[in-house]
Amino acid sequence: DAGKGWAAAYFAWHVGGPDYAVVAAVAVVVGHMFPVWLLFRGGKGVATGAGVLLGLAWLPCLICCAVWLVTAAVTRISSLAGIASAIAAPIAMWLVSHDVQYVEATGLIAALIVLRHHANIRRLLKGEEPRIGRRPSSLNRAIASPTARTRRAVRSSRPPKGSTTRSAWGSHAIALIVKSRRDRSSASTRV
């Protein structure tokens, strides 16, 4: 993702100058976030935005990567680090280049990134956003308190043939619980 952001901004700048680079930068991020072939459901744009920054000016990209790393190290929350680095991008661009066109494009991209993180922001406000290096809380709940349907599935099934140890039974039960949760969540997202 970062590579396509870099390539779009860098090559557009070399082909048509800064005006083309700005248009290509915004277009590649919008195209990443809202791809037609995925019914306009794409990514959040953080990595693509970082690639765009690298293609426009490397020093603001370096500053934003440092902001991401520090925020991720302190909070252990990737989405918060992405939002913080997106907000830092237009500021870093202004401090380094003073090019109004680049600052405006970077500000637009940053606003799009923050808006795409609306669900993450809601979870952050509730204190439910997953942290780096920890299992998601829904998986913890699935293992701790399986539903009656899942308990029946575990009791009626058997672990892989030849497994007689307790750990094999436990691993099999956890796999069934996770599969059940996955099936239920995919069924609820289908419309």
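1. In helix α6, the buried residues are Tyr102, Val103, Ala105, Thr106, Ile109, Ala110, Leu112 and Ile113. The model under review is a predicted one, and the points below should be read with that in mind. The cover over the buried residues of α6 includes α1, α2, α3 and α5. As background, an α-helix has 3.6 residues a turn, so residues three or four places apart point the same way.

2. The dimensions of α6 follow the expected geometry. Helix α6 comprises 17 residues and spans 24 Å from its first C-alpha to its last, close to the 24 Å expected at 1.5 Å a residue. At the N-terminal end of α6, aspartate 99 acts as a cap. A side-chain oxygen of aspartate 99 lies 3.1 Å from the backbone nitrogen of glutamine 101.

3. One residue of α6 merits separate attention. Threonine 106 belongs to this helix, and it counts as buried because its relative accessibility is 5%, where buried means under 20%. Which residues does threonine 106 contact, leaving aside its neighbours within four places in sequence? They are Leu53, Ala89, Pro90 and Met93.

4. Helix α3 covers residues 46-56. Its buried residues are Thr48, Gly49, Gly51, Val52, Leu53, Gly55 and Leu56; Leu53 is also one of the contacts of threonine 106. The buried residues of α3 pack against α1 (2-16), α2 (18-33), α4 (58-75), α5 (78-97) and α6 (100-116).

5. The loop between α2 and α3 holds two residues with notable backbone angles. Leucine 39 is placed in this loop, and its phi is near 55 degrees, a positive value in a residue other than glycine. Phenylalanine 40 is found in the loop between α2 and α3 as well; its phi is also positive, at about 65 degrees, although it is not a glycine. In general, most residues other than glycine have a negative phi.

6. Is leucine 39 buried or exposed? Leucine 39 counts as exposed because its relative accessibility is 62%, and the cut-off for exposed is over 50%.

7. For the chain as a whole, there are 10 helices and zero strands. Buried residues account for 33% of the 191 residues. Among contacts between residues at least 6 apart in sequence, 60% join residues at least 24 apart. The accessible surface of the chain amounts to about 11800 Å², and 66% of this surface belongs to carbon and sulfur atoms.

How values were computed. Residues are numbered from 1 along each chain as its sequence is written. This is a predicted model: local features need pLDDT of at least 70, side-chain atom pairs count only at pLDDT 80 or more; totals for chains, interfaces and linings use all residues. Side-chain values use heavy atoms; hydrogens and water are left out. Buried means under 20% relative accessible area, exposed over 50%, partly exposed in between (1.4 Å probe, protein chains only). Helices (H or I, at least four residues) and strands (E, at least two) are DSSP runs, numbered from the N terminus. Contact means heavy atoms within 4.5 Å. The expected span of a helix is 1.5 Å times one less than its number of residues. A polar contact is a pair of N or O atoms within 3.5 Å; within protein, one must be able to donate a hydrogen and the other to accept it, and residues adjacent in sequence count only if both atoms are side-chain atoms. Accessible areas come from the Shrake-Rupley method with a 1.4 Å probe; for residues, only the protein chains shown count as cover.
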